Amino acid sequence: MVKWSWKSDLRTDESWCWTPYSKAEATKIERAYQAGEKKLVLSKKYHIDFKNMIQHRADDYSRQRDIKREGPAAGSRKAPRDSDSDSSDAPPVKKTKAGKPLKGCVISMTGTLSETRAQIATFIEDNGGEFSKNVTNRCTHLVTTPSEAACPTDKVFDANKKGVPLVSEKWLRRSVALGVPQPIGPYKL
């Protein structure tokens, strides 16, 4: 059984901070997700952005909460559909050169994130960034989880040694959603 949840406490990544959607909402979300929709109007007040896995206010795109899908793999999910109305609820965003918000960023990752390493690496590269398997002197960010940051792995140790900031996956998603790399402060681990 698939479970959809929204992050009710933005200050932490603990499991208790996720609130499940109602059965009716979860069914609506899953149907749209399986149909390959990029966005869903959940209600008059809230919209879902599947690409960035966020729920945002209809009247204010900057008021966002992460969402997550748990359960069996997506299976036969259709490819996201392009539509002329795709960005109707998104605010105009100042993009970096050629719409590549991660241009100039060299990003490595460690820990269990929302997608596979290959998917996140592709996401980084599709948005103008460079993915690095290892933390090198060229790295600008290490995307990780609070638990990895608290019990440092080799990558976290290397990043700390080289002065590479540790950021949550939310930094990566918000930077792309807003069209520019976000300040690391709110996302620093």
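Which side chain meets that of Lys170 in a salt bridge? I looked this up first in the model, which is a predicted one. The partner is Asp66, with N and O 3.8 Å apart. I noted that this pair links distant parts of the chain, since Lys170 belongs to helix H5 and Asp66 to strand S6, 104 residues apart. I then checked burial: Lys170 and Asp66 are both buried.

**Entry: other salt bridges**

I counted the salt bridges and obtained seven. I examined Arg69 next and found it paired with Glu30, the closest N and O atoms lying 2.8 Å apart. Arg69 is part of strand S6 (residues 60-70) and Glu30 part of helix H1 (residues 23-34), so this bridge ties together parts that are 39 residues apart in sequence. I asked whether these two residues are buried or exposed. Arg69 has 19% relative accessibility and therefore counts as buried, the limit being under 20%. Glu30 is buried as well, with a relative accessible area of 15%.

I turned to Glu115, whose side chain meets that of Arg173 in a salt bridge of 2.6 Å from N to O. Glu115 sits in the loop between S7 and H2, while Arg173 is in helix H5, so the pair ties together parts that are 58 residues apart in sequence. I recorded a relative accessible area of 30% for Glu115, which makes this residue partly exposed. Arg173, at 8% relative accessibility, counts as buried. I also found that Glu115 and Arg173 are linked with Glu169 in a network of salt bridges.

**Entry: a buried lysine without a bridge**

I looked for the surroundings of Lys155, which is placed in helix H4 (residues 154-162). Lys155 is buried but has no salt bridge. The nearest side chain of opposite charge is that of Asp158, 8.8 Å away; the cut-off for a salt bridge is 4 Å. Setting aside neighbours within four places in sequence, I listed the contacts of Lys155 as Ser108, Met109, Thr110, Lys133, Asn134, Val135 and Leu142.

**Entry: Ser132**

I located Ser132 in the loop between S8 and strand S9 (141-143). Ser132 counts as buried because its relative accessibility is 10%. I found a polar atom of the Ser132 side chain 2.5 Å from the backbone oxygen of Asn134. Beyond its neighbours within four places in sequence, Ser132 is in contact with Val106, Ile107, Ser108, Met109 and Cys139.

**Entry: helix H2**

Which residues of helix H2 are buried? In this helix, residues 117-126, I noted Ile120, Ala121, Phe123 and Ile124 as buried. Viewed down the axis of H2, the buried residues fall within an arc of 160 degrees, so they line one face of the helix. An α-helix has 3.6 residues a turn, so residues three or four places apart point the same way. I then asked what covers the buried residues of H2. The cover includes strand S7 (106-109), strand S8 (130-131) and helix H5 (169-178).

**Entry: positive phi**

I checked the backbone just after H2 and found that Gly128 takes a positive phi of about 90 degrees. I also noted Met53, a residue other than glycine, with a positive phi near 50 degrees. Most residues other than glycine have a negative phi. Met53 is found in the loop between strand S4 (46-49) and strand S5 (54-57).

Technical notes. Residues numbered from 1 in each chain as written. Predicted model: local features only at pLDDT ≥ 70, side-chain atom pairs only at ≥ 80, totals over all residues. Heavy atoms only, no water. Buried < 20%, exposed > 50% of the residue type's maximum accessible area, 1.4 Å probe, protein only. Helix = DSSP H or I, 4+ residues; strand = E, 2+ residues; numbered from the N terminus. Arc of directions from axis to C-beta. Contact = heavy atoms within 4.5 Å. Polar contact = N/O pair within 3.5 Å; in protein donor to acceptor, adjacent residues only side chain to side chain. Lys, Arg positive; Asp, Glu negative; His and termini not counted.
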